[in-house]
Each structure stands twice: as C-alpha cells, then as structure tokens.
Amino acid sequence: MATHNPDNERIKRRYFAYLKEAKRHSEPTVDAVAKALARFETDTKYRDFKKFHSEQAIGFKRRLAEQTNQQTGEKLSKATMHATLAQLKAFFSWLAGQPGYKSRLQYSDADYFNLSEKDVRVANARREQTGPTLEQAKHAIASMPASSPIELRNRALVAFTLLTGARDSAIASMKLKHVDLVAGCVHQDAREVKTKFSKTFTTYFFPVGPEIHQIIADWVSFLREDMLWGNDDPLFPATLIAVGASRQFEAAGLERAHWSSAASIRKIFQGAFTQASLPYFNPHSFRNTLVRLGESVCQSPEDFKAWSQNLGHEKVLTTFLSYGQVASPRQGAIIRGLAASRDVGQTPDADAIAAAVMRAFHKSGLGGSLS
C-alpha cells in the first residue's frame, strides 16, 4: 500500500516554502496545513494531485464528518472541519496556477471543499471564553507542593501566569533578567521572548494578592542565590532528565536550559488543577480571569486602557472582543437588576448616561483610543 506520492511531495514542499517565505506564515500554521494535506492524501490513497476530481473533495468532506478526535473519542468539531477544508481549498486554488497543473485543474475546483453555510455558521459561532475564578486559581496554587526545586518551579510557574497574564510560549522563553521585582514588572522583549506577533511591551504585576507576588520573589531569589544563576539563565528551566538508581531515566532536578515548547507548561497546569480537585484550565485561560478582574476593579476608561496594555493589547477593543464578554450568570444578574430598577421607577436618562461616558473619555484623553 502506498504511503506517499513523490510528485505530491515535491509540490507540497514548494507550497510550504511559499507559505513560509512569501506569505510569512509561522511554523505552527504550516504544520497545520501539512496535517490537512496528509488527511486528504490518506483518504485518496495518495492519488496524484494532477488527477484531482471534485468527487474526491465531496467524498472527503463526508468521511471527514465521520472521523473522531483521537484524544476525546468524539466526532470532529465543525471548527476543525472548517479549518481543515479551508486549508485544502487554499492549497488547490494555489495549485491551479502552477506549471504542470494549470491544464489539469481549474480554480473553481477548490470550491468543492466548502462547507454548507449552516456548518460554517456553527464553526464560526462565538463561544463564551472560560477561565478559573481568581479564587480557584489561587486555591490551585496554594495546593501545589513546594518541597523540591521542581515543585518550587511548578508552583512559581502557575503563580507567574496569574501575576502577569503572559502567554505560555513567552513564559517558556523568558530569562531571569526580564523580571524586575523592584519595579514589579516583566519586560517582554520580542528579541528574546516569544511574544505574540513579536510585540515588545512591559507587563506590570496584576493586583492578584501579595502571596502570589511573594511566590515569584522567593523563586527568583532561589535561582539567583541558591542556584547561583545569572541574568541570561531561564526564568523557568526545563527538567533535567538523568539515569537514576533504578537505571531508568527520571527527573533529576533543573536543567540550565529553556523548554523547547510550552507543552510541559500545560502539563504542569493540568496537574495543579487536578490535584486541587478542580476542572482543568489551561495557561491562556488565566487571561480571561484577569480581564474579569479588570472589569470589576477598573474605575475609568484610562484604568481599563492601562489594564488592556498590560495584557499586550494595543487596542482596548481587542480586550473587550476577545476576552471581555460578560459571563452568562453575571449577564443574568445584571439584566434582573436592571429590571428591578425599572420597576421601582429608577430608570436613568439615556442621554445623561451617554453624556457621562463621553465626559469620562474626554477627561482621560482616550476619546479615540477604542476604535
């Protein structure tokens, strides 16, 4: 049974180079395209792309809908199907313009990878962002053991994510010099830290409690004073693996090196929440926690603008649209409260509300910053 097609492999390499060098897509994006193409080739038994026919796309869509997620055992979500088919559509649209394929394919052939309008709406439906409450996050941190260097690192890692809202890829690449305990901030320098869109910005520690701040201070002190590490050493080092007394590989402390990816960070989070008897929340979900905290403590547009910048967002709308939706229980409480106010004759004047909002924006100098 065929396991690859040489001609397909050659044209795929050209396409991956095009995505990476011409379209400037990241490695994870190119990997996702490669995975989609591998699914399609497996389905067609590695038939030459030059022999593509619309029936192949139609049959693939039908069989894709019947596939299951290897981790959950459930059928693939509409979002996964939509992403896979969109990547295939883009590839065959590009392929139709390449030498050797122009006479075999038409640009319209790629349209057969479209999902129905109904399925597209389901795939693109906005879902409520979930994250732990501040109390849940702090409980998970407090429940983590802290007797060995590895356990100290794991606890500090989760605490640091809550304190800064930094993304896991950034945390995995940070060095000791990026943390300033005196100023209470972390410098996310894109020249060395893997920030989203390679943005450089400073994050000041969020007001999540002095005990969280102390965990980070103790961790930095441990690395500098006990381990004698310097500015260019990793803030959260990888686990050192060595042959133990049982002649098997096992954890043997901390390695003076960065993690190669954020996968280990997610495993640490999973272990922390499991040990605390709480549902698993990934590192990114802490950003939702911090946005909800900001909505409750910020008293002016300027306050929330600063809070938004602290998360690395250039525009407040990014914070509102990506993380700022009101949770369903809170939404119900607000609506019920508004209804109660109306019943007792406390309905405020709409023009007065609008005028007050505008005055607050002009006073803070942020009149045009939300757009």
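This briefing describes strands, hairpins, internal spaces, a surface patch and salt bridges in one structure. The model is predicted. Its features include an open sheet of 3 strands, a cavity of about 90 Å³ and a largest pocket of about 520 Å³. Salt bridges number 14 in the structure.

**The three-stranded sheet**

- The strands of this open sheet follow the order β1-β2-β3, and their pairing is antiparallel.
- At the edges stand β1 (179–180) and β3 (201–204), each of which pairs on one side only.
- Between β1 and β2 the antiparallel pairing extends over 2 bridges, and D180 has C185 in β2 as its bridge partner.
- The hairpin of β1 and β2 has 4 residues between the strands, and G184 there takes a positive phi near 70°.
- Strand β2, residues 185–188, is joined to β3 by 4 bridges, and the two strands run antiparallel.
- Within this pairing, Q188 is positioned opposite F201 in β3.
- The loop between β2 and β3 contains S198, a residue that is not a glycine yet has a positive phi of about 55°.

**The β4–β5 hairpin and the surface patch**

- Strand β4 comprises residues 239–243 and includes I241.
- Its partner is strand β5 (residues 249–254), to which β4 is joined by 4 bridges in an antiparallel arrangement.
- In this pairing, T239 stands opposite L254 in β5.
- There are 5 residues between the strands of the β4 and β5 hairpin, in which R247 adopts a positive phi near 65°.
- I241, V243 and F249 make a nonpolar patch on the surface, with an area of about 350 Å².

**Backbone angles**

- Most residues other than glycine have a negative phi.
- Y46, a residue other than glycine, has a positive phi near 60°.
- The location of Y46 is the loop between α2 and α3 (54–66).
- Positive phi values are also found at S198, at about 55°, and at R247, near 65°.

**The cavity**

- How many cavities of 30 Å³ or more does the structure contain? The count comes to 1.
- The largest cavity has a volume of about 90 Å³, and 16 residues line it.
- Closest to the centre of the largest cavity are R167, Q188, F201, R287 and L311.
- Two of these residues, Q188 and F201, also stand opposite each other in the pairing of β2 with β3.
- By class, the lining of the largest cavity consists of 4 nonpolar, 7 polar and 5 charged residues.

**The largest pocket**

- The largest pocket encloses about 520 Å³ of space.
- Of the 20 residues that line the largest pocket, S169, K194, T195, K196 and F197 lie nearest its centre.
- Helices α2 (27–43) and α8 (168–173) each contribute at least two residues to the lining of this pocket.
- The lining of the largest pocket divides into 6 nonpolar, 6 polar and 8 charged residues.

**Salt bridges**

- The structure holds 14 salt bridges, one of which links D7 with R10.
- In the D7–R10 pair, the closest N and O atoms are 2.4 Å apart.
- Why are D7 and R10 separated by about one helical turn? Both belong to helix α1 (residues 6–22), and they are about one turn apart because 3 residues separate their positions in that helix.

Key. Residues numbered from 1 in each chain as written. Predicted model: local features only at pLDDT ≥ 70, side-chain atom pairs only at ≥ 80, totals over all residues. Heavy atoms only, no water. 1 Å grid on protein atoms, 1.4 Å probe; cavity = no way out; pocket = protein on both sides within 12 Å on 5 of 7 lines; lining within 4 Å. Points joined across faces, edges and corners; volume = space filled by probe spheres on them. Nonpolar A, V, L, I, M, F, W, Y, C, P; charged D, E, K, R; others polar. Pairing = 2+ DSSP bridges. Patch = residues over 30% accessible without salt bridge, like charges linked within 9 Å, V, L, I, M, F, W, Y side chains within 5 Å. Areas by Shrake-Rupley, 256 points an atom, 1.4 Å probe, with all protein chains shown as cover. Salt bridge = Lys/Arg side-chain N within 4 Å of Asp/Glu carboxyl O.
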